[in-house]
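Reader: I'm new to reading structures. Could you take one part and walk me through it slowly?

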Number of protein chains: 2
Amino acid sequence: MVTGSKELIRDINMNLVLETIINNTAISRAAIAKHLGLTKATISAIVQELINKKLVIEIGSDDTNLGRKPILLSLHKKAGFVICIDIGVDTISALVSDLIGEDCSLKQIKTPKNTSNIVSVLIDLIESMKLPKDTPYDLVGITLGIHGVIANNQVSFAPYYNLSGINIAEGLESHFNAPVYLENEANLSVIGEKTFQYDYANIANISVHSGIGLGIIVNHQLYTGYNGRAGEFGHTIIEIDGRQCPCGNQGCFEQYASERNLLREYSKMKNTEEQNFEQFRAAYEAGDPDANKIMDDFVKYMSIGVNNILNAYNPDIVIINSSFTIFFPHITEKIEAALTSRMNSYIRIVPSVLQDTSILLGGICVAIKGFLGVDNLKLNHIDLRG
Amino acid sequence: MVTGSKELIRDINMNLVLETIINNTAISRAAIAKHLGLTKATISAIVQELINKKLVIEIGSDDTNLGRKPILLSLHKKAGFVICIDIGVDTISALVSDLIGEDCSLKQIKTPKNTSNIVSVLIDLIESMKLPKDTPYDLVGITLGIHGVIANNQVSFAPYYNLSGINIAEGLESHFNAPVYLENEANLSVIGEKTFQYDYANIANISVHSGIGLGIIVNHQLYTGYNGRAGEFGHTIIEIDGRQCPCGNQGCFEQYASERNLLREYSKMKNTEEQNFEQFRAAYEAGDPDANKIMDDFVKYMSIGVNNILNAYNPDIVIINSSFTIFFPHITEKIEAALTSRMNSYIRIVPSVLQDTSILLGGICVAIKGFLGVDNLKLNHIDLRG
DNA sequence: ACATTAGTTTATTCATCAAATCAATTGAAA
DNA sequence: TTTCAATTGATTTGATGAATAAACTAATGT
């Protein structure tokens with residue numbers, strides 16, 4: 001039970017001050033006081049505490065044309081570092097980052113066939129990376145991106161690899177002495193998009209890959225549902241008695257709109273085995289009518305999915321993350337144009353900007369938020385492939 | 001911006017104390033202190049303030065077998081009263097209630113064809129009712145249930161009557177000098193169910209009538225989305241290129257599962273005009289095979305809708321409110337059995353208990369919550385037709 | 001009389017606020 | 001060039017109010 005106390009108000013105000021400093025990059029005490037509506041005395045006291053904790057540093061003064069020059073404050077971005085590891089079906093990707101998502105380093109390995117000793121694989125991976133040295137806090141959090149359902153920081157269901165029953169978090173926590181956060185990949189994606197790109201209160205982020213997942217932000221917070229299964233949007237039904245899905249349903253959305261199924265349809269048309277996305281893309285750009293038909297299907301099915309999201313969640317914005325939107329970003333305009341309901345007011349439908357980095361960047365945010373205690377983090381996007 | 005301050009502490013703790021008193025019906029200061037983890041001194045001070053404000057009364061002592069007998073505290077349920085008016089397509093229903101949803105009185109009138117002077121119609125209706133007298137606060141809130149979309153406490157879209165552009169809230173507020181809350185009917189329903197019946201953190205409440213609406217509770221709070229259109233679940237698509245819907249889409253859920261459409265299908269089978277639900281019900285109970293087929297369709301379509309809700313929202317519980325569930329409550333078991341996905345873990349699917357009173361009772365809760373400032377209200381259900 | 005539980009009183013702590021003060025800077029008047 | 005008013009930033013000081021701990025009073029049964 002959260003009751004009111006002196007400690008609570010200090011907590012609230014300290015987090016707000018820290019949040020203000022981070023989200024404004026460089027700001028003075030006076031400006032923070034004005035922004036938050038607290039007195040300068042209060043802000044000075046809180047800032048002193050943050051400086052003592054080595055979370056905030058003074059970075060010189062600003063150029064103003066009247067009165068005493070303000071001392072600019074900034075997050076001490078090298079106070080510690082965080083790690084996100086995306087455990088993909090084929091590849092495990094690890095990203096080390098400072099506290100603002102800058103100065104990252106990436107390493108990738110093959111996902112082992114047998115995942116029973118995943119904890120030691122991850123420990124070896126982390127220890128093989130170049131980690132920042134001599135920081136006040138060192139490693140302050142690890143996030144694991146999982147292709148599956150998470151409940152109580154454990155994998156409760158994963159279709160592509162067997163991680164259920166293994167207590168990954170505890171294993172890593174005791175070895176690195178830092179909190180470990182497990183989260184679904186689609187959920188990390190939406191956190192990444194919100195933090196680095198689209199700072200809205202309510203967001204729906206569709207991740208279309210082999211399956212289809214939906215990351216949901218409600219009132220600035222990730223929504224995961226009763227037991228972590230919110231956003232299993234690929235298994236909503238869009239066709240009565242439709243195509244059989246391995247999940248047991250007929251007519252699941254991902255039997256129509258997922259990359260895997262669209263490529264399968266394309267391969268059928270071509271009477272070949274397993275066309276990959278690159279082949280499809282080349283054919284499409286060469287004007288191949290079959291590829292064109294597949295693209296039309298993608299637009300048609302996605303517009304149904306988007307319609308269902310709008311009428312169910314009514315988010316501020318819908319973000320689509322898929323190979324299709326990576327290579328043909330303007331496809332979202334076609335999807336928007338294909339919406340038929342006149343009940344939908346104008347809502348932005350946009351392609352992901354972070355693309356395949358959204359999971360890792362989202363994971364970085366989770367660990368940073370956990371360490372700093374900041375509710376609503378805003379950071380600048382740094383393109384990893386720049 | 002909500003910053004920490006002394007007032008905030010008092011606010012938080014006062015609301016918690018009030019909430020504890022309401023939700024426990026009768027409780028002592030010592031028990032509140034234990035329940036909230038605050039000291040007895042704090043609780044005594046807050047309770048004194050609440051008694052001074054005439055919101056809480058002492059109602060004698062409890063029977064214990066050792067030590068001083070505790071003084072039981074209770075909400076002063078006659079400190080004021082609230083009103084909810086459900087503006088239905090055919091009927092306007094008004095309910096006056098004390099502060100715990102007991103001691104209600106109901107009045108119904110026909111909805112006027114022309115709703116341009118709706119404000120004066122509502123004023124006349126309220127003034128024609130027997131209202132409690134000589135209470136400390138008198139009328140403390142009015143909730144209006146609207147069959148349409150609400151944004152910023154105004155009607156932004158209503159399919160069955162024209163209320164857009166009329167500032168109903170302001171008109172009533174200035175006349176009665178009490179806050180007026182506008183809310184969608186499906187949203188009021190889910191608030192009613194949560195407060196009086198199913199106290200879960202995440203709830204999806206399907207209201208099936210002429211259309212299909214969904215009231216959504218996320219983290220104990222109503223979720224309405226970016227511009228109040230969350231839960232327009234009747235216009236999610238369950239059939240690609242399916243039945244034409246007036247909204248412009250093809251294959252909307254409510255073209256299959258709404259009462260109106262099922263009765264229309266039934267009438268077609270019978271080659272008669274406009275069978276009503278009573279006729280259908282009689283035929284079904286007499287074993288009519290056509291009626292049986294319609295019932296099977298309802299189960300089939302609803303199981304698709306429920307599947308989509310489970311995979312999108314993953315709520316703690318799904319509540320279904322319709323004529324079908326009122327007269328055949330066990331139908332929810334059939335709907336549950338018709339779910340085909342093996343990915344769905346066990347989630348309760350239940351018929352509404354409040355049935356057609358859920359809107360009015362939900363509206364009462366909104367006004368009470370607004371007056372008392374209590375976040376998480378729990379009340380006991382009083383059956384209006386008892 | 002004593003153990004036990006309920007509720008109140010009192011002194012202390014701590015985070016906020018308002019106001020005064022100190023600090024630093026500009027620019028115009030002397 | 002010097003001086004000083006104006007301005008803005010940051011700190012210090014005393015007051016306020018709400019929570020706490022601990023001591024106290026109140027009531028009750030054995």
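Reader: Why is strand β9 of chain B largely enclosed by the rest of the structure?

Author: Before the strand, some ground rules. This is a predicted model, where local features need pLDDT of at least 70 and side-chain atom pairs need 80 or more, while totals for chains, interfaces and linings use all residues. Residues are numbered from 1 along each chain as its sequence is written, chains are lettered from A and ligands numbered from 1 in the order written, and side-chain values use heavy atoms, leaving out hydrogens and water.

Now, β9(B) covers residues 180-184, and four of those five residues are buried, so the rest of the structure largely encloses the strand. Buried means under 20% relative accessible area, with a 1.4 Å probe and protein chains only. Strands here are DSSP runs of E with at least two residues, numbered from the N terminus.

And who sits alongside? Strand β6 of chain B, residues 139-146, pairs with β9(B) in the parallel sense, over five bridges; two strands pair if DSSP finds at least two bridges between them. Zoom in and you'll see B:V180 of β9(B) as the bridge partner of B:I142.

Stepping back to the two chains, 59 residues of chain B are in contact (heavy atoms within 4.5 Å) with 60 residues of chain A. One link to look for is the salt bridge from B:K300 to A:D241, whose closest N and O atoms are 2.8 Å apart. That term needs a side-chain nitrogen of Lys or Arg within 4 Å of a carboxyl oxygen of Asp or Glu, and the rule finds two salt bridges across this interface.

Methods:
Buried < 20%, exposed > 50% of the residue type's maximum accessible area, 1.4 Å probe, protein only. Helix = DSSP H or I, 4+ residues; strand = E, 2+ residues; numbered from the N terminus.
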